[in-house]
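Me: I am new to reading protein models and would like to know how the words used for them are justified. Could you take me through this one?

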Amino acid sequence: MLQRRKSSLGQTTTSRPSAPFPQGSPLIRVEHLSRIIATRTQKTVILNDVTFSVPAQSLFVINGPSGSGKSTLLHLLTGIDRPSSGRVLFGAEELSGSSENALARWRGQHVGIIFQFFQLVPTLTALENVLLALELGKGGGLPRRAWRERAQMCLETVDLGAFPHRLPSELSGGQQQRVAMARALANDPPILVADEPTGNLDSRTAHGVFDTLASLTEVGKTVIYVTHDPNLAARAQARIDLLDGRIVGQHGAQALLAASPEVWS
Ligand SMILES: Nc1ncnc2c1ncn2[C@@H]1O[C@H](COP(=O)(O)OP(=O)(O)OP(=O)(O)O)[C@@H](O)[C@H]1O
């Protein structure tokens with residue numbers, strides 16, 4: 001079974017040198033991944049022989065226009081969907097070899113998800129939204145008495161420490177997305193997945209949210225950021241460009257190549 005990282009945000013920072021995946025090493029490896037939907041009359045190739053790796057503690061962008069296969073790829077990366085062929089490895093562990101229950105547990109412990117439309121509970125304050133994630137994730141290994149402090153720390157990490165008691169309706173769109181980021185951090189997952197997190201925000205706010213997500217790589221997080229916005233995509237440390245289910249561009253590939261030559265050979 002995959003091992004749980006039990007560090008808190010602060011501990012993650014100090015424990016970086018001994019982290020199991022040093023910065024730049026391949027945290028996730030995707031090998032010849034395809035997803036085909038077949039009906040009795042039709043075969044639709046949604047992803048076609050996609051190979052890349054995601055460097056640990058980087059902000060990695062999956063870029064492409066609508067319908068290019070971004071969401072499908074994200075579902076395969078997080079074990080929500082299973083590939084028709086090929087495989088996804090987290091470290092040495094192959095995700096598709098696990099049962100549904102094991103995959104759900106793995107996701108709960110390893111992946112924090114940030115959605116385009118925030119999906120905050122409107123009747124709960126910013127702090128309570130983060131506390132709810134701790135409740136659902138059993139505090140990420142922290143004792144219950146430490147949860148409030150932890151939730152406040154997550155809000156401070158995303159520059160929202162001054163507004164713990166505001167309801168989502170009392171926050172701007174960018175601030176609501178920051179609450180969603182704090183919520184995703186609550187149980188200290190090593191991977192954050194952001195699915196078009198700025199698609200609902202103006203350009204200036206979007207770049208601010210991008211900056212905050214990029215800064216989380218400094219505290220040991222690996223951020224997978226899905227966007228169709230070429231301006232944001234161009235700012236990533238590494239990225240792939242998708243079109244019609246195929247990779248048509250790789251950037252930051254030198255770093256990726258150095259990190260995982262076997263995937264690129
Ligand atoms: N279950 C399915 N059956 C048939 N086709 C599907 C299915 N799921 C997705 N597709 C098709 O696969 C392609 C890729 O879809 P996907 O949602 O992954 O793209 P996307 O890049 O995330 O798009 P968007 O940016 O609009 O969300 C699309 O053409 C979509 O219509």
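Reply: Gladly! Let's begin with Lys138, which has 12 other C-beta atoms within 10 Å and is therefore exposed. Keep in mind that this is a predicted model.

Me: What makes 12 other C-beta atoms within 10 Å enough to call Lys138 exposed?

Reply: The cut-off for exposed is 12 or fewer. Lys138 has 12, so it counts as exposed. This residue lies in the loop between α4 and α5, and its phi is positive, near 55°.

Me: Which residue is 49 residues away from Lys138 in sequence, and how far apart are the two in space?

Reply: That is Asn187, and the C-alpha to C-alpha distance is 7.9 Å.

Me: Why is Gln57 called buried?

Reply: A buried residue needs 20 or more other C-beta atoms within 10 Å. Gln57 has 23, so it is buried. You will find Gln57 in the loop between β2 and β3.

Me: And why does His32 count as partly exposed?

Reply: Partly exposed is the band between the two cut-offs, 12 or fewer and 20 or more. His32 has 13 C-beta neighbours inside 10 Å, so it falls in that band. His32 is part of strand β1, residues 26-38.

Me: What is noteworthy about the phi of His32 and of Gln57?

Reply: Most residues other than glycine have a negative phi. The phi of His32 is positive, near 50°, and that of Gln57 is positive too, near 55°. Asp159, which follows α5, also has a positive phi, near 60°.

Me: How do you know that the buried residues of α5 are on the same side of the helix?

Reply: In α5, residues 147-157, the buried residues are Arg150, Ala151, Cys154, Leu155 and Thr157. They cover an arc of only 160° around the axis, so they are on the same side of α5.

Me: What covers the buried residues of α4?

Reply: The cover includes α5 and α6. The buried residues of α4 (126-136) include Leu127, Val130, Leu131 and Leu134.

Me: What makes strand β8 count as mostly covered?

Reply: Of its 6 residues, 222-227, 6 are buried. Thr222, Ile224 and Val226 point one way, while Val223, Tyr225 and Thr227 point the other way. That fits a general pattern: in a regular strand the side chains alternate between the two faces of the sheet.

Me: How do you know that β8 is paired with β3 and with β7?

Reply: Pairing takes at least two bridges. β3 and β8 have 5 bridges, in the parallel sense, and 5 bridges also join β7 to β8, again parallel. Look at Ile224 in β8: Phe60 stands opposite it, and so does Val193.

Me: Which elements make a right-handed β-α-β unit?

Reply: β7, helix α7 (residues 203-215) and β8 make this unit.

Me: What makes the shell around the ligand 9 polar, 2 nonpolar and 1 charged?

Reply: The shell includes Ile37, Ile46, Lys70, Gly64 and Ser66. Ile counts as nonpolar, Lys as charged and Gly as polar. Sorting the shell in this manner gives 2 nonpolar, 9 polar and 1 charged.

Me: Which helix gives the most to that shell?

Reply: That is α2, with 3 residues. Both β2 (43-55) and α2 (70-77) supply at least two residues each.

Definitions and conventions
Residues numbered from 1 in each chain as written. Predicted model: local features only at pLDDT ≥ 70, side-chain atom pairs only at ≥ 80, totals over all residues. Helix = DSSP H or I, 4+ residues; strand = E, 2+ residues; numbered from the N terminus. Right-handed = clockwise from strand over helix to strand, strands pointing away. Near = placed C-beta within 6 Å. Arc of directions from axis to C-beta. Contact = placed C-beta atoms within 7 Å.
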